[in-house]
Amino acid sequence: MPTVLITGANRGLGLEFTRQYLDCDWQVIACTRKPNADELLVLPTARLRICELDVTNHAIVDQLAGELQDMPIDVLINNAGTSGPKGAPECMAYSGFNNMDFEIWRQILEINLLGTFKVATAFRSNLVKSERGILVNMSSDLGSVAQNSLGNLYSYRTSKAGLNMMTMGFSKDWPDIVSVAMAPGWCRTELGGEGAEIAPEDSVCEQIRTIGRLTAEYSGCFIDHYGEPVPW
Ligand SMILES: NC(=O)c1ccc[n+]([C@@H]2O[C@H](COP(=O)([O-])OP(=O)(O)OC[C@H]3O[C@@H](n4cnc5c(N)ncnc54)[C@H](OP(=O)(O)O)[C@@H]3O)[C@@H](O)[C@H]2O)c1
């Protein structure tokens, strides 16, 4: 039975990944800051392990990696992320050139960039134990330098552009696993906001399909939920 580890599993895309991988008969390690979230507790428990994990708490990340050290992990979805205390479009109120909240920017980088790096490095050996370990770093179209036609959102954009660079680095340093940066599309979650284009279940369904057909050639690629390249 294949195993997936998902961060930020209690809501939004992370919860949807948890639900859909369970439906696909995978073993799911659902990592969350809120292990008692009702949305997780109602799920069938046979193949679900809920683990408390704040990706900014490096000691706890190491502790969980130690507990799971013998377990092969086939897919790691580095999903936990934030645009700060507000979703789109309200987050623009603290992330422009004229209204930047530097403390929120630091938190965004701590979660989206340093947290993603910490989780990837802590669980890399689990991915290597799988026959074909796949690391999915959850990026965004907003992290594309080439597609930045509107400005603003400096904090979120830079966190995801940094994550993209990190993913390329992993593909060079870790040829024994496949590392991709995934843009899920603009989805209706707390982060994406109510006006977003895509239902989380549709994006995640396509992402799981895409992840299922990733080969070594994809390592270091920035792709969308259909597996198509996103301009850097
Ligand atoms: N929705 C979109 O349109 C969209 C577009 C592009 C990229 N993305 C990316 O997709 C990923 C999921 O986003 P989403 O839309 O599902 O957002 P969401 O609904 O706001 O969910 C974010 C998840 O991340 C968790 N999280 C935040 N900080 C954390 C931390 N320090 N440690 C562990 N978990 C933490 C949250 O947990 P708590 O409940 O504890 O806060 C929550 O489970 C993010 O990386 C986001 O940047 C989303």
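How many bridges pair β5 with strand β6? The views below come from a predicted model, and the answer turns up in the first legend.

**View 1. β5 and β6, side by side.** Here β5 and β6, the latter spanning residues 178-183, pair in the parallel sense over 5 bridges. If you want a spot to zoom in on, try I134, whose bridge partner in β6 is V178. The link between these strands is helix α5, residues 154-173, and β5, α5 and β6 together make a right-handed β-α-β unit.

**View 2. β5 on its own, seen with its surroundings.** Strand β5 covers residues 134-138, and 5 of its 5 residues are buried, so the rest of the structure largely encloses it. I134, V136 and M138 point one way, while L135 and N137 point the other way, and all are buried. That fits the usual pattern: in a regular strand, side chains alternate between the two faces of the sheet.

**View 3. β4 meets β5.** On this side, β4 and β5 pair in the parallel sense, with 4 bridges. L76 has L135 as its bridge partner in β5. The helix involved is α4: β4, α4 and β5 make another β-α-β unit, right-handed.

**View 4. β1 between two partners.** What does β1 look like in terms of burial? In this strand, residues 3-7, 5 of the 5 residues are buried, so β1 is largely enclosed by the rest of the structure. Both faces are covered, with T3, L5 and T7 buried on one side and V4 and I6 buried on the other. One parallel partner is β2 (residues 27-32), joined to β1 by 5 bridges, and V4 stands opposite V28 there. Another parallel partner is β4 (residues 75-78), joined to β1 by 3 bridges, with L5 opposite L76. Adding the helix α1, you get a right-handed β-α-β unit made of β1, α1 and β2.

**View 5. Inside the nonpolar core.** The largest nonpolar core has 57 residues, and I6, L76, L135 and V136 have the most contacts inside it. Helix α4 gives the most to this core, with 8 residues. Take L135 as a close-up: leaving out residues up to four places away in sequence, L135 touches L76, N78, A120, L127, F170, I177, V178 and S179.

**View 6. The shell around the ligand.** Which residues come nearest to the ligand? Of the 29 around it, those are G8, G12, G81, T189 and G192. By class, the shell has 11 nonpolar, 13 polar and 5 charged residues. Helices α1 (12-23) and α4 (102-129) each supply at least two residues of the shell, and α1 contributes the largest share, 3 residues.

**View 7. R157, a buried arginine.** R157 sits in helix α5. Is this residue buried or exposed? Residues with 20 or more C-beta neighbours within 10 Å count as buried, and R157 has 23 inside 10 Å, so it counts as buried. Setting aside neighbours within four places in sequence, R157 is in contact with L142, G143 and N148. For a sense of span, G66 and R157 are 91 residues apart in sequence and 32 Å apart in space, C-alpha to C-alpha.

Methods. Residues numbered from 1 in each chain as written. Predicted model: local features only at pLDDT ≥ 70, side-chain atom pairs only at ≥ 80, totals over all residues. Near = placed C-beta within 6 Å. Nonpolar A, V, L, I, M, F, W, Y, C, P; charged D, E, K, R; others polar. Buried ≥ 20, exposed ≤ 12 C-beta atoms within 10 Å, placed from the backbone. Pairing = 2+ DSSP bridges. Right-handed = clockwise from strand over helix to strand, strands pointing away. Core = buried A, V, L, I, M, F, W, Y, C linked by C-beta atoms within 7 Å. Contact = placed C-beta atoms within 7 Å.
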